[in-house]
Amino acid sequence: MENISLHGAWNYRIDQYDIGIQKKWYQEKFCSKNFNIPGTTNSNQVGDILDDNGQFFTKDSVAGLRESFSYSGVLWLQKEIRLPDKFQKKSLQLFIERTLGSSMVWIDSHFFGEIYSLSTPHIHKLGLIRNQENGQFTVTIRLDNRDKMNIGERASAFSNDTQGFWNGIIGDFYFMKENFEDRVVDLRFIEKNSVLVIDIQNNHKISEILDIAIRDKYRNRIGYSVIKKYDYTSKSTLWLKLMKSEVWTEFTPNYYDINVLFREGQIKKRIGLVDLEIKNNRIYNHGKKIFLRGNLDCGVFPETGYPSMDEKDWEKILLNVKRFGFNHVRYHSWCPPEVAFRVADRLGIYLMIEGPFWLDSWFDNSVGDFAEHYSFIKDECLAIIREYGHHPSFCFFAIGNELAGDFAFLASILKNNLFKSHQILTTITANTTNLKREFYEDADDFYVGVEHCQKGLRGNRFLDEIVMTTNFNYDENALVVPKPIITHEIGQYASFPSLKEISKFNGYMIPINLISIQNELKRKDLLDRNEEYTYYSGMLAKECYKAEIEAAVRTNNFSGFQLLGLQDYPGQNTAAIGMVDSHWEEKGFCSSDEFCEFNQEIIPIVELKKKSFCINEILEYTIGVRNSLPFDITKDTEFSYTLSLGENLVANKRSIAEIETGAYKLVEQGYINLSSFYKHGNIEVCLDLIIEIKGRTYRNQWSIWIFSKNEEIILRENLIVEDDWLSPTIEEALKNGKNCIVSLNPAKHSDIFPGNYFPVFWSPVFFESKDSCGMIIDDTHPLFNYFPTNKYLSTQWKNLLENSICFPAHVEKGVTELIPNFFVNERRANIEEYKIKNGNLFIHGFNLENCDSIEERAFRNAIKKYVSSNEFNPIEKRSFTEVQEMFPILSNTITSDKDIAYRCKAWSDNEKSKRMGADKANDGNPFTYWSTAAQTDNHWWCIDFGSAKDISQLIIEPLNYENVDFSILLSNDGENWRNAGKSGSRSQKHKLKVQYHTRYLKLVFHHPINISPGLRNFQALL
């Protein structure tokens, strides 16, 4: 279609106080020149120059990327235009492909209206330009990037966290003849995709069409015959029978470019043969069940701060998505430009588009809180469908992210026939904080969420299960959802930010967050550790991603997952959660080939009930396969597998299992007698499964740990002395040349911190956390001759770390060093050793008093073996006084000899994870606590004192105390309970004077919905 490009230099004027309309600036000539379009105030160096160089280290400094030049408000653009002769005396339209917010247009002094959209082109109908002299006139455009619709600043389309509040015009920008683009041409396939229907709106007749050209993706022209044609009052319709029609799927991304030629121009659109439907709570395309392996796109464009409109950029992005094994992208609260759809059409990627809305009670702005919501949300959603809905890759739609408010109104939008005619499946929102989520007929085709009816559907509800086993799934929980389920934003495991990315920025967007972190590391002499921190924290994050993805893969009652995410998110206080950085480049700890082992068309799984074994155990396994190939695996398919444990072949056979496409199925069971392969324990071995289907190989692997028999090693007291603090006993033993072990008791020491296994969730600033992001281990240290480890954290450390404390590192290179999160940046350790006079001291933060797990028992034995050996010969020399100063003792604490609840047996009806288990409420550790995963009323915690005791005082510190009450129940047999009172006023610490004689005590919690009850501390005094 012919048009007049408006790219190039424009005059401009800043309207900081929004007085331009009142002062009639459109009648004036602008003096400021050379504002280049496409471009923004930032790219044109207009606005407030960034004056932050990252020297200060604050929450604001790590908020995200920042524009070199920022401007929020009204921007005026102006240009003198002379129309070519063939455009004179023609009705025209002004096409602005994308701007952020509002645009108004004047031709000379004539006003042509305002358009507000964050997602679709602004097309201003100008009609016949009057008062032209030789086709020359002045165009004045007023842009405004302020929030005129009260949608807030959280949606990816309109947020400083990702794109920045850019101001300008990007993409295509031109005049065109009005009477062609005004013809709305809708395309759809019917009759099982054999008939193409063309609807021409706005009273245009079929007789006005000169030609319809249909070409496939190879540019070959496709023949057709007209089987029906109608001219109605408001539209005309053609039915075309294609001579050849091929379907669009991820494996066969066929599409057709339709060119409708009129007497005065042409209209081009793309369409594909998509046949999405819901059957038995699953999603099908062309009769085949699909499983969506999805990644989130949050509109991160670090080069420009606004969405790229360039095809090469979108090829880089979406080819990376495919390279890492994904077949699906969810656009979190934003809609990409036309070019993204065109690339996705060609690559075969299922897209889920969202309106630019994140309206939630969390931000005190829910749907319907402002009158503007009702018109804008509806108009914006329908505009997205009209503009992009014909693309075959546009398969799913949600109105926004985590919406709350008027769901009946939102449902009414999705009931518009536009969605169904374009074969787009819809859901009201991607997840919601509304725990009483209702489903609306003809609006909710599928469900995206983290839970429903208090049943968890995401890994953070089951952290222990997903990493300590390989057989956990959500099938039972998923039964409560009457729709196909896509689990929401799984992952979000943070690694330490890679500062090498700083050099990749071109100057438009400034990575103040990374520069600020870099400067902080310099101040603390830790900058040389950055690459180590990134790599080893990334290795832990990768293992967590693998575990959570595989849990979703094993769930037959899921239709897919959406990962957050493959790419780093530089906003919301720096979420370094990606396998690639914000520039889509690998960070060094996970290649696409490694990631595809658990994220591709065939995903081999070995299901295990645990990953740590004693050498005399039988390892029982089950082989499973997630089949997402375009065909069912049948008994006639060439399908074989090989299972190895280390260098030992376990199984190698052809399978006759039948696996439907889109399904997960268990195909073989077996067992391994570990002692037949290994004579000695304390080793890590790789369980390796290779599947071959039709000559193509798929591989997946897991580390397992084999430990020696767990007889406890008894130390000879005349050689080794143990205690839980730097006591006079330890001091005397060291003077006498003995080897000593101190297991630091958190109730007796200050300047200590809780240990953790799982890395920080999302960002340690956005969700405030002092947790570490992994650990660097000196795997050459002789201690690890007795306990298997890599240089980075893996799951044999989980139980140990979650029952541990750490302390400031006192040596340059220790046995272990915790990797800090970027906002703490303190060197911490949990093992150190010193030579003190004639003796040797091994000091650690692990609670090995009551070892429940095989790993804890093995580590306790490893310490004792090491300390008993000749290899225990510390290099660091200190005096006992120096070590006491490094590990200071608490004063005036209630110690275990006074607190009868200390480490008594405790249990509850619900635990968020082992790290937040019931026993953490009374373990004496000020950093640990019990918490539930469920956010409903009447959860309880119970303790057994071992025998009936006379109790005079209770010290109770509830979690979320501002919203929590509790009742106290007593029993002597654990079955018959009597009510002993209530909490009364809400306070952070309850000190209750009581007169109880009881063996069992139970606390029952009462609170509003969305609150997790728990206990930070429980003590009982005689």
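**Group meeting: a surface patch, the cysteines and one sheet**

Phe-761 counts as partly exposed, because its relative accessibility is 30%. Keep in mind that this is a predicted model. Where does Phe-761 lie? It is in the loop between β46 (753-754) and β47 (775-777). Phe-761 also belongs to a nonpolar patch on the surface. Its partners there are Trp-362 and Phe-767. Together these residues have about 290 Å² of accessible area.

Now the cysteines. How many disulfides are there? The count comes to zero. Take Cys-596. Its closest cysteine sulfur is in Cys-590, 9.0 Å away. A disulfide needs the sulfur atoms within 2.5 Å, so 9.0 Å is too far for a bond. Cys-773 is in no disulfide either. There the nearest cysteine sulfur is that of Cys-544, at 10 Å. Are these two cysteines, Cys-596 and Cys-773, buried or exposed? Cys-596 is buried, with a relative accessible area of 14%. Cys-773 is buried too, at 3%.

Last, a sheet. Four strands make it up, and it is open. The order is β15-β16-β19-β18, with antiparallel pairing. Which strands stand at the edges? They are β15 (185-190) and β18 (224-231). Each has a single partner strand, so one side of each is left without a neighbour in the sheet. On average, neighbouring strands here are turned by 20° against each other, direction ignored.

Look at β18 and its pairing with β19, residues 235-242. The two run antiparallel and share seven bridges. To find your place in β19, go to Thr-237: Tyr-230 stands opposite.

Note on methods
Residues numbered from 1 in each chain as written. Predicted model: local features only at pLDDT ≥ 70, side-chain atom pairs only at ≥ 80, totals over all residues. Heavy atoms only, no water. Patch = residues over 30% accessible without salt bridge, like charges linked within 9 Å, V, L, I, M, F, W, Y side chains within 5 Å. Areas by Shrake-Rupley, 256 points an atom, 1.4 Å probe, with all protein chains shown as cover. Salt bridge = Lys/Arg side-chain N within 4 Å of Asp/Glu carboxyl O. Buried < 20%, exposed > 50% of the residue type's maximum accessible area, 1.4 Å probe, protein only. Pairing = 2+ DSSP bridges. Axes fitted to C-alpha atoms, helices over the stretch in contact; angles between N-to-C directions.
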